[in-house]
Every structure is written in structure tokens, then in C-alpha cells.
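User: Could you take a close look at one part of this model for me? I'd like to understand the sheet and what packs against it.

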Amino acid sequence: MRSKSEVIIANLLVSEEVPFIYEEPLYAPDGTMFLPDFTVKFRGETYYWEHVGRLDLPDYRAHWEIKEKWYEKHFPGKLLITYEGKDLSIAAMEIIKRHK
């Protein structure tokens, strides 16, 4: 785990018994690859969970915009997103409850 926020999300996934893999390489049909923060399974479906934290940094924001478009193109409907903030635990549990 790289951040406290990712630890919080991982702990929630474990406590809710949601299978996940941390930073498993994800390849698109065109050969491009990214590392989702979490690859999760809900009801037999695979989703890719990204926790977005530093949109205040121009390089981070630019990279995130590329990554988000990549998900939309290659894995539509499979991206789950949380954002850094005081309500992270609530937002993460809402995603888990909605998909579980």
C-alpha cells in the first residue's frame, strides 16, 4: 500500500470480504497498461478501483485525465473512483454496498 487512504480502502474491502488484488497490471487490447489501485470482484464481475488524491498537482491531474479516458475507452463501466477527502470511508463503503 502506498498511502493511508489506500490502506483504509483495503481494510474496508477485507472487512466486507470483497476479493481484491492491489496494483495488478491491466492490459488493454492495444497493449497499453496501467496499474489500478485495486482490481475487485463484485458478484462475479471485475472492476478497477482508483483512488484519486492529488488533483492539485498539474502532472498528477494530467496523468489522471489520460488514465480516466483509457478506462472509458477500454473498460467502460468498470471504473470505480474515490477521491481524497474526509469522507473517504463513507464514499468507499457506498461503492462496496452498491456493488456487493
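Analyst: Happy to! Please keep in mind that this is a predicted model. The part you ask about is an open sheet of four strands in the order 1-4-5-6, and its pairing is mixed. Strand 1 (20-22) and strand 6 form the edges, each pairing on one side only. From one strand to the next, the twist averages 25°.

Let's begin at the strand 1 edge. Strand 1 runs antiparallel to strand 4, and three bridges hold the pairing. Two of the cross-strand partners can be named: Tyr 22 stands opposite Phe 38 in strand 4, and Phe 20 has Val 40 of strand 4 as its bridge partner.

Strand 4 (38-42) also pairs with strand 5 (45-52). These two strands are antiparallel as well, joined by five bridges. Here Phe 38 turns up again, with Trp 49 in strand 5 as its bridge partner. Strand 4 and strand 5 make a hairpin with two residues between the strands, where Arg 43 takes a positive phi near 50°. How enclosed is strand 4 by the rest of the structure? Four of its five residues are buried, so strand 4 is largely enclosed.

Now for the helices. Helix 1 packs on the sheet and touches strand 1, strand 4, strand 5 and strand 6, with its direction at about 20° to that of strand 4. Helix 3 packs on the sheet too, touching strand 4, strand 5 and strand 6; its direction makes about 160° with that of strand 6.

Helix 3 deserves a closer look of its own. It consists of 12 residues (88-99), which at 1.5 Å a residue should span 16 Å; the end C-alpha atoms lie 17 Å apart, in agreement with that. Which residues of helix 3 are buried? They are Leu 88, Ala 92, Ile 95, Ile 96 and His 99. Around the axis they cover an arc of only 95°, which means that they sit on the same side of helix 3. On the other side of helix 3, Ile 90, Lys 97 and Arg 98 are exposed.

And what covers those buried residues? The cover includes helix 1 (4-15) along with strand 4, strand 5 and strand 6 (79-83). That fits neatly with the packing described above, where helix 3 touches strand 4, strand 5 and strand 6 of the sheet.

Technical notes. Residues numbered from 1 in each chain as written. Predicted model: local features only at pLDDT ≥ 70, side-chain atom pairs only at ≥ 80, totals over all residues. Heavy atoms only, no water. Expected span 1.5 Å × (residues − 1). Buried < 20%, exposed > 50% of the residue type's maximum accessible area, 1.4 Å probe, protein only. Arc of directions from axis to C-beta. Contact = heavy atoms within 4.5 Å. Pairing = 2+ DSSP bridges. Axes fitted to C-alpha atoms, helices over the stretch in contact; angles between N-to-C directions.
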